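Here are some short exercises to work through with the model open beside you. Try each task yourself before reading its solution.

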Amino acid sequence: SSKSTDKLPFDVPDYIDPNYARENATFISLARNEDLWELVPAIRSVEDRFNSKYKYDWVFLNEEPFSVEFKTVMTSLVSGEAKFGLIPKEHWSFPDWIDTDKAAQTREDMKNIIYGSSISYRHMCRFESGFFFHHELMQNYKYYWRVEPSTKLYCDVNFDVFKFMRENNKDYGFTISIHEFEATIKTLWSETKKFVAANPQYVAEDNFMNFISDNNGETYNLCHFWTNFEVANMDFWRGEAYQAYFQHLEKAGGFFYERWGDAPVHSIAASLFLPQDRIHFFEEIGYFHGPYHHCPINDEIRNKNKCMCKPGDDFTWQDYSCTRKYYDVKGLAKPLGWEKHTG
Ligand code: GDP
Ligand code: MN
């Protein structure tokens, strides 16, 4: 019948040329099967705001096999190809040089700190620090965009983020930066200093040390990029400097003897081993990961991109954020009225 050729009202328009030259890039989500219904709205918002136009692939990783339900639902949501991978055991377990009694004692001692008593959280942080970019499903890609359950995109993203990264020589992009809990990383900075002293050749000339240290590297100021949103070039993680740094941290054992997060690890590495102009703040990408919002305070950006957030909720210019420091160290002009959002 003629009905079958009618365009249904819910047909998604082709926003871009079907022959559009995508970048070598993918989304990536690490998740458990039980994260399914928290991940669904996060993915839907990324698809609605960005990916339905560009159709990049989406890699899902888990240390357990994904359920049929998880795979079916995700495949239906993603406009690019959805791929599901199992994490190899050695990327999600205690390395043999780790003293598991000492690690257990740490979990006992840290039980009053968020995730302090968790084994799985430590495996997760170690995996996100050192292994996701080695997974076989990630090998054919260069750039990735990390998406977590319960996150939201607040604005349309009307440009190809991955193309932006390549064309502007960016290796690391973020939306929220913040201070770390000192108790989780007590020896991360001293281990970093040891590594740098032994390997000074890896430190970039025009680095971003002044973002992570207020005294030229003597102490860490706890600033880091929040890695629950992360757009980056895996060549950096796979490269010699980061590989050597990660191996040093692995041997030091702080993923298990403390509770080192992938966020301070990635951020310290990017700030020391990359020239600072390779690090980028996506001001126009409104984003939420509990409890913090990045809501562009610039009215023009919000209106142009149909943002769905209250600028009064913005975290970016508050004291606990580090993004003000990002602007100051880079010598960038802050958006008009930022002082009104410092509370
Ligand atoms: P938070 O953002 O630091 O509070 O930590 P999350 O609970 O959001 O975990 C960070 C990311 O790792 C999310 O994408 C989670 O879905 C994922 N994740 C956390 N723990 C596990 C785990 O034990 N197994 C798997 N497969 N994914 C996990
Ligand atoms: Mn999270």
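**Exercise 1: two helices in contact**

Which residues in H4 meet which residues in H9?

*Solution.* Keep in mind that this is a predicted model. Step one is to find the two elements: helix H4 covers residues 119-130 and helix H9 covers residues 240-252. Step two is to look at where they touch: from H4 come Arg126, Ser129 and Gly130, and they meet Tyr242, Phe246 and Glu250 of H9. Step three is to sort these residues by character: the contact of H4 with H9 divides into two nonpolar, two polar and two charged residues.

Now describe how H4 and H9 are arranged.

*Solution.* Two packed helices are described by the angle between their axes and the distance between the axes. Here the angle is about 155 degrees, and the axes lie 10 Å apart. Angles over 145 degrees count as roughly antiparallel, so H4 is roughly antiparallel to H9.

**Exercise 2: a small set of strands**

In what order do the three strands of the open sheet stand, and why do two of them have one side without a neighbour?

*Solution.* First, read off the order, which is S5-S11-S12, with antiparallel pairing. Next, look at the edges: S5 (152-153) and S12 (292-294) each have a single partner strand, so one side of each is left without a neighbour in the sheet. Finally, zoom in on one pair: S5 and S11 (residues 287-289) are joined over two bridges, and Lys152 stands opposite Phe288 in S11.

**Exercise 3: the nonpolar cores**

How many residues has the largest nonpolar core, and which helix gives the most to it?

*Solution.* Start with the count: the largest nonpolar core has 60 residues. Among those with the most contacts inside it are Phe132, Tyr172 and Trp237. Helix H11 (residues 262-273) gives the most to this core, with six residues. A second, separate core has 38 residues, including Val40, Ala42, Phe50 and Phe60. To see the surroundings of one core residue, select Trp237: beyond four places in sequence, the residues it touches include Phe132, Phe133, Tyr144, Tyr172 and His266.

**Exercise 4: one phenylalanine in a loop**

Where is Phe181, and what does it contact beyond its close sequence neighbours?

*Solution.* Phe181 sits in the loop between strand S7 (177-179) and helix H6 (188-198). Its relative accessibility is 44%, and partly exposed means between 20% and 50%, so Phe181 counts as partly exposed. Leaving aside neighbours within four places in sequence, Phe181 is in contact with Ile114 and Tyr320.

Technical notes. Residues numbered from 1 in each chain as written. Chains lettered and ligands numbered in written order. Predicted model: local features only at pLDDT ≥ 70, side-chain atom pairs only at ≥ 80, totals over all residues. Heavy atoms only, no water. Pairing = 2+ DSSP bridges. Helix = DSSP H or I, 4+ residues; strand = E, 2+ residues; numbered from the N terminus. Axes fitted to C-alpha atoms, helices over the stretch in contact; angles between N-to-C directions. Parallel < 35°, antiparallel > 145°, perpendicular 65-115°, else oblique. Contact = heavy atoms within 4.5 Å. Nonpolar A, V, L, I, M, F, W, Y, C, P; charged D, E, K, R; others polar. Core = buried A, V, L, I, M, F, W, Y, C linked by side-chain atoms within 4.5 Å. Buried < 20%, exposed > 50% of the residue type's maximum accessible area, 1.4 Å probe, protein only.
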